[in-house]
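Some labels in a structure description rest on simple cut-offs. The questions below ask how such labels are reached.

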Amino acid sequence: MENQDESKKDKKKHKKFSKSEQHIEVKNLNIYYGDFLAVEDVNISFKPRNVTALIGPSGCGKSTFLRSLNRMHEVTPGARITGEVLLDGRNLYDKDIDPSDVRAHIGMVFQRPNPFPTMSIRQNVLSGAKLSGQKMSKEEADELVKQALSDVNLWEEVKDRLDKSALGLSGGQQQRLCIARAVAVSPAVILMDEPCSALDPISTKSIEELITKLKKQFTIVIVTHNMQQAQRVSDNVAFFNIAGTGMPGKLIETGSTNKIFDHPDEKATKAYIHGRFG
Ligand code: ADP
Ligand code: MG
């Protein structure tokens, strides 16, 4: 019991992040699953209120890298990192930092829309804020629901069915709801792992438009396999590659989207974006 109280005290030591802390810099990051080095020695910086697209072949470690940015990687047993992920100069892996604060500040959206199936649309939007212990009056909660759903261009479509199940929504609407759930805890950074790969072209377009709108407020890092999408939504691109099975993924090249698509420095980057592998 005593130990538990001690660890709770420890976690309270650092102050929570403020919305203005948006600049992520990754230094000498190695990411492991047990003894397996999945991603090796990444150095990259993500500009505030920019969209950075992570591209590269399957298995090169894009999802693993993304999850290391908000400390979701370590949730997998045996998973760990060496190196640093700095938020405005502060290492997110420092001992006095609570991973749940990191995950609230750096939100995540997954490949398959994953609204909580037993919750209403309204409860889904509020779920993250409730988890983080935020106390709200009914009016404040209503306002937050409206704001978050408006931010993701979903309010008009769902305002008359807020207490209905989230599962009644289309795939594209569910994905926007999941983005609203992330937005409702006031993050500064949003990570998206192939957020459109399960969606039809029209829903994809609406998510892409939403990304362009959200980057006015948030730093966004998005994994995508769709080169047209990377060109449409991103300001910067990071190309990851893998030399062979069992080898670690590496960051090969990073730069503005125009540069990476028009005249990349590396042959492997050019081959990948033109669809030639190996
Ligand atoms: P990508 O998203 O680029 O397709 P991943 O990050 O999913 O790549 O995978 C990178 C490497 O890490 C792969 O070799 C994959 O098999 C391995 N990996 C992914 N998740 C786990 C896990 N939970 N346990 C062990 N190895 C994993
Ligand atoms: Mg992946």
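What follows is a set of questions and answers on this predicted model.

Q: Which residues are around ligand 1?
A: They are Tyr33, Phe36, Ala38, Pro57, Ser58, Gly59, Cys60, Gly61, Lys62, Ser63, Thr64 and Thr76. Each counts because a heavy atom of the residue lies within 4 Å of the ligand.

Q: What makes the pair between Lys62 and ligand 1 a polar contact?
A: A polar side-chain atom of Lys62 lies 2.8 Å from an oxygen atom of ligand 1. The cut-off for a pair of N or O atoms is 3.5 Å, so the pair qualifies.

Q: How do you know that Thr64 and Tyr33 also make polar contacts with ligand 1?
A: An N or O atom in the side chain of Thr64 is 2.5 Å from an oxygen atom of ligand 1. For Tyr33, a polar side-chain atom lies 3.2 Å from a nitrogen atom of the ligand. Both values are within 3.5 Å, so both pairs count.

Q: How much of ligand 1 does the protein cover?
A: On its own, ligand 1 has 560 Å² of accessible area, and the protein covers 62% of that.

Q: Which elements give two or more residues to the shell around ligand 1?
A: They are strand E2 (36-46) and helix H2 (62-69). The largest share, three residues, comes from H2.

Q: How is the shell around ligand 1 divided by class?
A: It has five nonpolar, six polar and one charged residues.

Q: Why is Cys60 not counted in a disulfide?
A: The closest cysteine sulfur, in Cys196, is 18 Å from the sulfur of Cys60. A disulfide needs two cysteine sulfur atoms within 2.5 Å, so this pair is too far apart for a bond.

Q: Why does Cys196 form no disulfide with Cys178?
A: Their sulfur atoms are 12 Å apart, and Cys178 holds the closest cysteine sulfur to that of Cys196, so the distance is too far for a bond. The count of disulfides comes to zero.

Q: Why are Cys60 and Cys196 called buried?
A: Buried means under 20% relative accessible area. Cys60 has 0% and Cys196 has 8%, so both meet the cut-off.

Q: How do you know that the length of helix H7 agrees with its number of residues?
A: H7 runs over residues 171-183, and its 13 residues should span 18 Å at 1.5 Å a residue. The end C-alpha atoms are 18 Å apart, so the two values agree.

Q: Why is H7 described as largely enclosed by the rest of the structure?
A: Twelve of its 13 residues are buried, so the description holds. Among the buried residues are Gly172, Arg176, Cys178 and Val183.

How values were computed: Residues are numbered from 1 along each chain as its sequence is written. Chains are lettered from A and ligands numbered from 1 in the order in which they are written. This is a predicted model: local features need pLDDT of at least 70, side-chain atom pairs count only at pLDDT 80 or more; totals for chains, interfaces and linings use all residues. Side-chain values use heavy atoms; hydrogens and water are left out. A polar contact is a pair of N or O atoms within 3.5 Å; within protein, one must be able to donate a hydrogen and the other to accept it, and residues adjacent in sequence count only if both atoms are side-chain atoms. Accessible areas come from the Shrake-Rupley method with a 1.4 Å probe; for residues, only the protein chains shown count as cover. Helices (H or I, at least four residues) and strands (E, at least two) are DSSP runs, numbered from the N terminus. Ala, Val, Leu, Ile, Met, Phe, Trp, Tyr, Cys and Pro count as nonpolar, Asp, Glu, Lys and Arg as charged, and the others, Gly among them, as polar. Buried means under 20% relative accessible area, exposed over 50%, partly exposed in between (1.4 Å probe, protein chains only). The expected span of a helix is 1.5 Å times one less than its number of residues.
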